Amino acid sequence: MRTGSEGPRLLLVGGGGGLAGRAITSELAHDHWIRSLHRHPSPTERERGVEWIPGDIAGEVAWTKHLSGVGAVVNVAWNRHGAEATFRGLHDGLLRLLDACDREGVQRFVQISVPPSTPHLETTLPYLVWKRRFDKALERSGISYAILRPSALFGRGDVLLGVMLRLIRRYRVFPMFGDGRFHLSPLSATDLARAVRRALLSEERSTIDLGGPDRFCYRELTDLMFAVLGRRPHYVPLSPTGSLRLARWFERLGSPLLYEYEVEWLLSDRLGLTAYEGLERPLERVEPYLREVALHPRRSAAG
């Protein structure tokens, strides 16, 4: 960990206590001086000597003050679910940040985004509509940028693979969406953080899709989850329509377990991204992580 004013100054925006934010600070805190702006303090950031700045990106933020001496910005701020006004507010707040970066001479902006989805979701889902608008604004700006679009992330406290495995452990049965032949290329949050480091060192203006080392059929991945638990696969088959209906039911109950758009995205077979290349070490495979969750479910659920 750097002390004093040594090391490059970086502003991490949003999600410092989340899966991607924790991985990024773990990767960069030893040789960067990091300010992290989000609403709630994070114990992991405090342990790493990260300067927490309380703030809401959608509100009034003294960007000029917080960008003083900062050479690069990494943005992970976005919500998984919410009303259109929520995403519009995030978009507008990020535009104000982008304007401030231009005024203050910030040299590099790394945006954590998401891979392409269906035309229906891209044009109707506020989560995607407003995210794409900011991505395009960044592309049009004069700032050197990298837009990183990872597949589903895994790591301690993730909201997909770890949750799926713990549900299989608890209920011994799992819903199978459609024929299960659509694909997923899970990427570790640690590898995303390593890609962020690489993007910070580059001057190239780029948009990059990042997949993990293994491209699974969804059914292969869930079979693997049963296997690491020492159980035979046992599924409740659902048609694509029934799969969406189940997700909609969870959503109406207010559960964050599953959202309808996430199921539609999975079924579209657009998340089996090509493995990201260019890192100095091989990408982390998902099976060791699943075995850790199987052995230590409570510890792995913690952020």
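Okay, let's start with a term: when I say helix, I mean a DSSP run of H or I that is at least four residues long, and the helices are numbered from the N terminus. Keep that in mind, and remember that what you're looking at is a predicted model.

So, take helix α11, residues 260–267. Tyr261 and Trp265 sit four residues apart in α11, and that puts about one helical turn between them. Now look at their rings. The centres are 6.4 Å apart and the planes meet at 45°, so we call this pair tilted. Are these two buried or exposed? Tyr261 and Trp265 are both buried.

That pair belongs to a bigger group, by the way. Which other residues join Tyr261 and Trp265 in the cluster? They are Trp78, Phe87, Tyr127 and Tyr259, all linked up through ring pairs.

If you go through the whole structure, you find eleven aromatic pairs. Here's another of them: Phe109 with Phe134, tilted again, with 6.0 Å from centre to centre and 50° between the planes. What I like here is where the two partners come from. Phe109 is in strand β5, residues 108–112, while Phe134 is in helix α6, residues 126–140, so this pair ties together parts that lie 25 residues apart in sequence. Phe109 and Phe134 are both buried, too.

One more ring before we move on. Find Trp130, and you'll see the charged end of Arg133 sitting over its ring, 4.3 Å from the ring centre.

Right, on to charges. How many salt bridges are there? The count is 14, and I'll walk you through a few.

First up, Arg88 and Glu84, where the closest N and O atoms are 3.7 Å apart. Both are in helix α4, residues 84–104, and because they are four residues apart there, about one helical turn separates them. As for the surface, Arg88 has 34% relative accessibility, so it counts as partly exposed. Glu84, at 39%, counts as partly exposed as well.

Next, Arg219 and Asp223. Their closest N and O atoms are 3.2 Å apart. This bridge is within helix α9, residues 218–228, and again the partners are four residues apart, about one turn of the helix. Arg219 comes in at 37% relative accessibility, which means partly exposed, and Asp223 at 27% is also partly exposed.

Then there's Glu280 with Arg281, whose side chains meet in a salt bridge at 3.4 Å, N to O. Why does Glu280 count as exposed? Its relative accessibility is 63%, and exposed means over 50%. Arg281, at 45%, counts as partly exposed.

And some salt bridges join into a network: Glu27, Asp31 and Arg197 are linked that way.

Last stop, the second largest pocket. It holds about 330 Å³ of space. Its lining has 17 residues, and those nearest the centre are Leu19, Ala23, Arg156, Ala189 and Thr190. Which elements give two or more residues to that lining? Those are α1, residues 19–28, and α8, residues 189–201. The largest share comes from α1, with five residues. What kind of lining is it, by class? It's a mix: six nonpolar, six polar and five charged residues.

That's the tour, thanks for listening.

How values were computed
Residues numbered from 1 in each chain as written. Predicted model: local features only at pLDDT ≥ 70, side-chain atom pairs only at ≥ 80, totals over all residues. Heavy atoms only, no water. 1 Å grid on protein atoms, 1.4 Å probe; cavity = no way out; pocket = protein on both sides within 12 Å on 5 of 7 lines; lining within 4 Å. Points joined across faces, edges and corners; volume = space filled by probe spheres on them. Nonpolar A, V, L, I, M, F, W, Y, C, P; charged D, E, K, R; others polar. Salt bridge = Lys/Arg side-chain N within 4 Å of Asp/Glu carboxyl O. Buried < 20%, exposed > 50% of the residue type's maximum accessible area, 1.4 Å probe, protein only. Phe/Tyr/Trp six-rings, centres within 6.5 Å; stacked < 30°, edge-to-face > 60°. Lys NZ or Arg CZ within 6 Å of the ring centre and 35° of its normal.
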